[in-house]
Amino acid sequence: MHTVPEIAALLLLSSLTLVNLTAATAPLSDIANAVNSLASETFALKDYVSSVATSSNVGGFPSIYEQLDEIHDNTLSDIGFTSGTPMIQDANDQQVGYESYSNWVQSLFELTDNLTGNAAALISLDHEVSTRMPFEIRIFSGVVNAYLFNLIGLWPTTTAYVAQASNQKNQVDAHFQKALDAYISTGSLNMN
């Protein structure tokens, strides 16, 4: 588990890494596989959060944070796949790319809904969650936002995929905000 100063240093390093990325291209199959892998990790974390909340497993919090950090790091690493990658011109490839994008988006919806729905239960187990989880959500949502933006850039603007993916990205942003609000409001209620 990272401490707050370590996370801040990682965030700064991550930002500097993004600025210094070299143009590297990746085949669509590698990008789709990476995005689908992120979806699998995200679905697994959603299930783990549920198990911690329903079993009142206080000892599970470090693993939640570690898994969020790992998905964050993998997402940040995968952003490099899209740097310098030309737009997807083939219609079949566009569909494959969109399916993997949508799969990850669905996993993000489910994770954030799960975090939102379990906020009160998790905070009741450990009040530190009321401050730590919003921090984790903010950091994670930032890198997710960057990667979704880069993935959207792989489709020509003339395709319907850009509008659909942009709409989904906006929904992901709203889901992250709802999860963030759940921890902030529930945490402040428990402090009174």
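These legends go with a handful of close-up views of a predicted model.

**View 1. How confident the predictor is, from one end of the scale to the other.**
Averaged over the protein, pLDDT comes to 87, and 83% of the residues score at least 70. If you go element by element, helix α4 (residues 91-117) has the highest mean, at 97. Helix α1 (residues 4-19) has the lowest mean, at 48. Then there's the stretch over residues 15-24, where pLDDT stays under 50. For that stretch the model has 13 contacts beyond four places in sequence.

**View 2. Helix α2 and the residue just after it.**
Helix α2 takes in residues 28-55, 28 residues in all. At 1.5 Å a residue it should span 40 Å, and its end C-alpha atoms are indeed 40 Å apart, so expectation and model agree. Just after α2 comes Ser 56, which takes a positive phi of about 55 degrees.

**View 3. Helix α3, given the ruler treatment too.**
Here the helix has 22 residues, 61-82. The sum at 1.5 Å a residue gives 32 Å, and the end C-alpha atoms of α3 sit 32 Å apart, which agrees. Just after α3, look for Gly 84: its phi is positive, at about 80 degrees.

**View 4. Thr 116 and its neighbours.**
Thr 116 lies in helix α4. Is Thr 116 buried or exposed? Its relative accessible area is 19%, and the cut-off for buried is under 20%, so Thr 116 counts as buried. What do the polar atoms of its side chain have for company? The backbone oxygen of Thr 112 lies 2.8 Å from one polar atom of the Thr 116 side chain. The backbone nitrogen of Ala 179 lies 3.3 Å from a polar atom of that side chain. Leaving out residues up to four places away in sequence, Thr 116 touches Lys 178, Ala 179 and Ala 182.

**View 5. The second largest cavity and its lining.**
Searching the whole structure turns up two cavities of 30 Å³ or more. The one shown here is the second largest, with a volume of about 60 Å³. Its lining is made up of Leu 28, Ile 31, Ala 32, Val 35, Ile 88, Gly 97, Ser 100, Leu 151, Leu 154 and Trp 155. Which elements give two or more residues to that lining? They are α2 and α4. Helix α2 supplies the largest share, four residues. As a general point, an α-helix has 3.6 residues a turn, so residues three or four places apart point the same way.

Methods. Residues are numbered from 1 along each chain as its sequence is written. Side-chain values use heavy atoms; hydrogens and water are left out. The expected span of a helix is 1.5 Å times one less than its number of residues. pLDDT is the predictor's confidence in each residue, from 0 to 100. Contact means heavy atoms within 4.5 Å. Buried means under 20% relative accessible area, exposed over 50%, partly exposed in between (1.4 Å probe, protein chains only). A polar contact is a pair of N or O atoms within 3.5 Å; within protein, one must be able to donate a hydrogen and the other to accept it, and residues adjacent in sequence count only if both atoms are side-chain atoms. On a 1 Å grid over the protein atoms alone, a cavity is a set of points where a 1.4 Å probe fits but cannot get out, and a pocket is an open set with protein on both sides within 12 Å along at least five of seven lines; lining residues have an atom within 4 Å of a point. Grid points are joined across faces, edges and corners, and a volume is the space filled by probe spheres set on the points.
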